[in-house]
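Colleague: Could you take me slowly through one part of this model, the place where the two chains meet, and then show me how it fits with what surrounds it?

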Number of protein chains: 2
Amino acid sequence: MSILRLCDEVPVSVPLTATVAQAIEAMLQHGVGAAVIVDENNVVAGIFTERDVLRKVALTGKDPKIVEVREVMTTPVIMATQDTSDAEALEVMVREHHRHLPIVDDHARLLGLLSIRHLLQARIDDLTAQFAATRKS
Amino acid sequence: MSILRLCDEVPVSVPLTATVAQAIEAMLQHGVGAAVIVDENNVVAGIFTERDVLRKVALTGKDPKIVEVREVMTTPVIMATQDTSDAEALEVMVREHHRHLPIVDDHARLLGLLSIRHLLQARIDDLTAQFAATRKS
């Protein structure tokens, strides 16, 4: 099963030309901790997270309504494809201390955004099901 | 085993009189997404998270160096004690959409700060160990 099954139906993304304020508004509107930054072809250019707001915006005196998100996004981004396994994705996110991992097609176009929270929850569901099956057999 | 085993050794906390900037700096310094706000007796008064920065600071034009964290913290806080089980803690955090849960003593004094990430990881470790034991037996 593709790792896309664990992603929200539509990943939160904003264009490279969006302001920081627009990116934050999109995150708040959808209740998520990260927005993917995409170019005009939906190709992933970077990611902007709550951590970036703390590190690069909140204490700098920069005006979020003026600064473009491309100036403060995290780039390059580590990405995964539909062929990435749950275990590989988890290993990367733990190693790199990333809570989010964009899933892209062969042209780096955005398909979904995986959160470590959903990945860990899915692993628990898998293990619980396996464990229950073992006890029945 | 107490749920405190899953918490960082020292929870990140700042006094009620700290500024928003001081709270954010403490979070960045320790690489965490939340700081507990405590009074002079280390009693929990509120919590301040990355989400609060987005919702109540980043877009408001408030100066983090001037505004006190007590004005923008989340309060009241849902808390747990050392007697709370892992399962109860997880249920509360999922239901309330909280990523952090302060652990307190009988006088509401801060003992630790639990993150849902650590809780989910512990659950996976438990299930994996149980599953391995079943297969061996």
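Modeller: In this predicted model, H4(A) passes H4(B) in a left-handed crossing. In general, two packed helices are described by the angle between their axes and the distance between the axes. Here H4(A) and H4(B) pack at an angle of about 25°, and their axes are 9 Å apart. Angles under 35 degrees count as roughly parallel, and H4(A) and H4(B) are therefore roughly parallel to each other. On the side of H4(A), the residues that make this contact include Ile116(A), Leu120(A), Ile124(A), Leu127(A) and Phe131(A), while among those of H4(B) are Ile116(B), Leu120(B), Ile124(B), Leu127(B) and Phe131(B). Residues of other classes take part as well, including Arg117(A), Gln121(A) and Thr128(A) from H4(A) and Arg117(B), Gln121(B) and Thr128(B) from H4(B). Sorted by class, the contact of H4(A) with H4(B) has ten nonpolar, eight polar and four charged residues.

If we now step back from this pair of helices to the whole interface, 25 residues of chain A are in contact with 24 residues of chain B. Helix H1 (20-30), helix H2 (50-58) and helix H4 (116-136) of chain A each supply at least two residues of the side that touches chain B, and the largest share of that side, eleven residues, comes from H4(A). The residues of this side of chain A divide into 15 nonpolar, five polar and five charged.

It is also worth asking how the two copies are arranged. A rotation of 180° with 0.0 Å of shift along its axis superposes chain A on chain B, with an RMSD of 0.0 Å, and the two copies are thus related as by a two-fold rotation axis. Of the interface residues of chain A, 96% are also interface residues in chain B, so the copies meet through the same surface.

Elsewhere in chain B, three strands form an open sheet in the order E1-E2-E3, with mixed pairing. Strand E1 (13-15) and strand E3 (44-49) of chain B stand at the edges, each with a single partner strand, so one side of each is left without a neighbour in the sheet. Strand E2 (residues 34-38) of chain B pairs with E3(B) in the antiparallel sense over five bridges, and Ala35(B) stands opposite Phe48(B) in E3(B). Helix H1 (residues 20-30) of chain B lies across E1, E2 and E3 of that chain, running at about 130° to E2(B).

How values were computed
Residues are numbered from 1 along each chain as its sequence is written. Chains are lettered from A and ligands numbered from 1 in the order in which they are written. This is a predicted model: local features need pLDDT of at least 70, side-chain atom pairs count only at pLDDT 80 or more; totals for chains, interfaces and linings use all residues. Copies are superposed by least squares on the C-alpha atoms of residues with pLDDT of at least 70 in both. Two residues are in contact if their C-beta atoms, placed from the backbone, lie within 7 Å. Helices (H or I, at least four residues) and strands (E, at least two) are DSSP runs, numbered from the N terminus. Ala, Val, Leu, Ile, Met, Phe, Trp, Tyr, Cys and Pro count as nonpolar, Asp, Glu, Lys and Arg as charged, and the others, Gly among them, as polar. Two strands pair if DSSP finds at least two bridges between them. Axes are lines fitted to C-alpha atoms, for helices over the stretch in contact, and angles run from 0 to 180 degrees between N-to-C directions. Angles under 35 degrees count as roughly parallel, over 145 as roughly antiparallel, 65 to 115 as roughly perpendicular and the rest as oblique. A crossing is left-handed if the near helix is turned anticlockwise from the far one by less than a right angle, and right-handed if clockwise.
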